[in-house]
Every structure is written in structure tokens, then in C-alpha cells.
Amino acid sequence: MRKQKRMLLIILVIMLSTNLSHTQVFAKKDQTLPINIEEETGHGIELIDTAESTYYNLVKDIVYTYEIKTKPASYLTVTKRMIDRDDHFIFTTLDNQSDQAVELSFSIPVADTGYYSLQSLDQFITGPRFNDAIHVDLTTHPFGLLTTYKENEFSSNVMIGKQYHSRKITDNYEDGRKSVMREFLSENQNFDIDSKEDELLFKMDMRSKGEDILDHWLVFSKERLFDSEDSFTEWAKIYHNKKRKHNNWYTAEGPYKKVGKSAEPAPASKLQYARNLLIVREDEALTRYKETEERYFRNIMLNSLANLTIFKDGKDYWETEYTNHWLNRRYGIEAPYIDTRHNEKVALYLEEVGKIFDIPELRTAIIDYADFLVKQIEAEQVVKVAPDAYLISDYFTYYQDTAVTHSSLNHVLGGMNLLLQTYVDTDEEKYLQAATFIQNGIDELGDQWLNDQGDTWYQINPDHSFQGEDYPILTLTDLLISLQLWKEVDDSRIHTIEMLAQSKANYLVNKGVSLPKEVIRLLDEHEIEFGK
């Protein structure tokens, strides 16, 4: 016989934002958000904690934690993440830590009207994403865009995500360190839209079998998230053409994305997903926002600021939270560890977002990371090439006594370019000195960076041997940026960089690789002949 259904009616009092100055964003205006939660398996559920966090005075979280009386206890977390223009995300996570089934049903009012349309993204579906690095990504896309109407006029938008079913996979190391990922189990749409004359309800079921996690997300706005239907359609097509660069599985602590087959611990299904720094930052949303200034991309970027802050966890850098089998086998490095290129990319992203949204704390993002690189050179986390000639290692850890790792050319150039740009911006000699040490290392090796075909090697090892097939466009772009910066700072240092860029460009053209317009423009600008 089915256990008696227990209902918990929870009135969440949320501080909503107003269009005030940054220091007043979340003041003055209160409104309630009623959520009906039905715990259908008879365990019982109780609100045990309410916490608030604010990020850069533009984003505010109110996090409600409920205990479900399984053995051991399980938890439901509802996070309302408020953006400064009255928009908000709702993230819902059911973490069932028991082997008992838990079934929850939710209803959330999304509008005070019953009239709506729903544009599904299924019409643009392209199927799973396959490649040799990740095996297969079985996640797809958000469910769709809900539009509500009142008196035949637009009233609100809601972007509805799908529900993601997963389980934690963890390797435990000494001192409490862990490699943390999720095994993807399924993506589903266990929700419905209930339309009444003067109310629209979003209804969702969460069905846990035990020792698993269910995640869901929504984005609400009283303004249009996209300027037009054509703009929404264009984004949907771009989304599907660049699935690897877009997120769909969002949580309050950051998005989960399919990671490489080398990520450990690897489940038998090979469906390991994790918070990867390169995707926690939202480059595609940034690009789209600069083109359109549309509200959806603004919200996604501001959400990423909260996610990156949570991910950083008070440290001076961002750590990779899952172990890479190859790094572990070769150098003994376990999670958490630092990836220099990922940190550089995050710093550059934050700097640009900080300028767009006038966030003073982010204007120093690349300076902060440049200081970090200077410290790494001082700590000799480098491949030593000659006196005063160093290449910063790609990876390192503060938790283990491990060997110095290799230096890949794209990491080396990315770090040097950031140091040079910081010197240009600040005129502080320590950044130029650090960049000069790196350029000395590149110059000392000279044409040893080139393989027999004229392409650049991917990496140099601590024993000064070279190996690996290099990225085609990424490293060439890095070389051209280095050339541009050294011409601005000291054009006597350009010769090795110029030689490497020309050789690599010729190699790519001869191999039939199509060069992007921006790369061709930079080659022409620097008068580098190629393809002859």
C-alpha cells in the first residue's frame, strides 16, 4: 500500500533586486516565492538551514537546505540566484545519500497569467557528441524557452533546463584530498506546465533510486531574454553547432560537462562529467553578449561569476578537481592540482567581464594571476633551460612533493603574453623581467621547437626532449599575440617568435589547414609570408 503523501508548503521570502546602484542592488524590495514540495515516499522533510551569499554586488544567492529523513540523511537544496535586474535562476538539487528511494514533486508559480507559448530546442537537436578525447557526451540542450502573455502582450520569459540524473564518483587520497566527478545516468524532462486562468505553474518530479543526485535549473525574467524570435533561433543553431563550448547541465556550484577519457576515477560507462574550468567560464555567452547585449547572455555571464567564486573557494588560484590519468602516471600528480593555461584563461575572462560590467574587483584579475606566475618562477616551478632562461611548467600541486612537469608551448606563450600585457598596463618591471626569463628560454631553444615537418612540438620535457603533436591554430595565434606584444615592448626580442610563427603557418597551409580570418590578418599585419 502506498505510503501516505506528505506535503510541505514552503514560503521562501526572497530579497529581489532593483535597478539601483551596485551597493544597493538587493535592498528595499521584498517578494515571496511559494514553492510546494510534496515528499511522496514517507520519509519526512524539514528545512534545516538558510544561507545568503553575494557576489560582486551583482549576484545574490539565498540557499535553502532541507533534510530528508532517510538513513543516512539525504538533502534537497533550492538556490535562488538573483541577478541585479530582477532576473533570477532557480537551481534544485536532490542529493540522496541513502540506498532508499526518494520521490519529490514541486510546483512553482512562474506567472500570474495562464497564457503562454513554449519554444522547444528539440527541433534543433543534432544527437550525441562523439570524439576520441571524450568518448561520447549524451547530454543535449535546455528544454526550451517559455514565454507568458497578459492581455495579448509579453509578460515574462523562462528558460527551462532539463533534469540531470547522476551519481558521485570519487577517489580519496591522503590528507582528505579527492578526485571528484559525476557519472551521468540520464537526462530527462520530468516536468509539466499547468495553465490556469490567472496562474502558470511549473511542476516537476524528482525520482531518486538511491545513492544518486538529481539537478535542475531555470532562468526567469520579466523582460525578453532574446531580442527576437530570429535571435533565439540563431542562438539555438549556434548552440548545437558548438555543443562542446556551451553548457546545459547547470547547478548552483557550476556547470558539469563531459571530460576526457583520461579523467579518473573512470566509470565502466565512460560517462564521467565534472566542473571543468574552461567551461565554468562562459566564453560563448561573452562573445554573444558583445554582439547583441541580450539579457540571456548577461545572466549566464553573471551566473559564471558566482560559479567561479564558489569554485575558487577563497584561494588565489583555481584548482582542477579531478585527476588526470596521464599526469598521475608520469608525474604522480593527483587532484587537486593547478593547470596554468586554465587559470590564465579564467583571469582573462574575468578581466573582460569586469570591464563590461564595471566591476572594480575584477579589473585586477590578470594582475593577480601575473603575480601568481612571478611567484611560480621564484619558486622554480619551471623547466630550466639556461641561467635566467625558464619555461613555466604546465601543472603543479601544493599538496604533494612531485617532479616538475613539462612545459607546452601554448601554456608558455599564454603565460608570457599575460605577463607582457600586465607590464604594458602597469609599467611594473617585475612583469617584464618574468616575461623576459620566459622569452630567454624560448630563444635559447630556437629552432629546436620545430619538428622535421616544420610544425612546432607540443611540449618540452624537464630533460629538454621534445614531444607531442601541437595544436594547429591555438599555438599559432599565441605566437602572433607574442609578436604583437614584444613589438610594443621591445622589438629586439621578436626573431625566434617570428621564425616559429612563419614555419608553423607554412606547415599548416601545406597540410591544407584552413586559417581563420583573424590569424591571416595578424600574419599579414606582421608581414609574415606563408603558403609559398
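The mean pLDDT of the protein in this predicted model is 91, and 93% of the residues reach a score of at least 70. Confidence is low at the start of the chain, where residues 1–32 remain under 50 in pLDDT, although the model has 94 contacts beyond four places in sequence for this segment. Where pLDDT is low, the predicted coordinates should not be read in detail.

A search of the whole structure for internal space returned three cavities of 30 Å³ or more. The largest cavity, with a volume of about 100 Å³, is lined by Pro142, Trp235, Tyr239, His246, Asn247, Tyr250, Glu282, Glu284, Ala285, Tyr296, Phe297 and Ile300. At least two residues of this lining are supplied by each of helix 1 (229–241), helix 3 (283–292) and helix 4 (295–312), and helix 4 makes the greatest contribution, with three residues. In terms of residue class, the lining of the largest cavity comprises eight nonpolar, two polar and two charged residues.

The second largest cavity has a volume of about 60 Å³, and its lining is formed by Thr340, Arg341, Tyr369, Leu373, Ile392, Ser393, His411, Val412, Gly415, Met416 and Ile438. Two or more of these residues come from each of helix 6 (340–356), helix 7 (365–378) and helix 8 (409–426), with helix 8 providing the largest share, four residues. By class, the lining of the second largest cavity divides into six nonpolar residues, four polar residues and one charged residue.

Aromatic contacts were examined across the whole structure, and 28 aromatic pairs were found. One of them is formed by Tyr337 and Tyr395, whose ring centres lie 5.9 Å apart and whose planes meet at 80°, so the pair is classed as edge-to-face. This pair joins distant parts of the chain, 58 residues apart, with Tyr337 placed in the loop between helix 5 (325–331) and strand 22 (338–339) and Tyr395 in strand 25 (residues 395–396). Both Tyr337 and Tyr395 are buried.

Ring pairs also link Phe226, Phe232, Trp235, Tyr239, Tyr296 and Phe297 into a cluster. Trp235, Tyr239, Tyr296 and Phe297 belong both to this cluster and to the lining of the largest cavity.

Methods: Residues are numbered from 1 along each chain as its sequence is written. This is a predicted model: local features need pLDDT of at least 70, side-chain atom pairs count only at pLDDT 80 or more; totals for chains, interfaces and linings use all residues. Side-chain values use heavy atoms; hydrogens and water are left out. pLDDT is the predictor's confidence in each residue, from 0 to 100. Contact means heavy atoms within 4.5 Å. On a 1 Å grid over the protein atoms alone, a cavity is a set of points where a 1.4 Å probe fits but cannot get out, and a pocket is an open set with protein on both sides within 12 Å along at least five of seven lines; lining residues have an atom within 4 Å of a point. Grid points are joined across faces, edges and corners, and a volume is the space filled by probe spheres set on the points. Ala, Val, Leu, Ile, Met, Phe, Trp, Tyr, Cys and Pro count as nonpolar, Asp, Glu, Lys and Arg as charged, and the others, Gly among them, as polar. Rings of Phe, Tyr and Trp (its six-membered ring) pair if their centres lie within 6.5 Å; planes under 30 degrees apart count as stacked, over 60 as edge-to-face and the rest as tilted. Buried means under 20% relative accessible area, exposed over 50%, partly exposed in between (1.4 Å probe, protein chains only).
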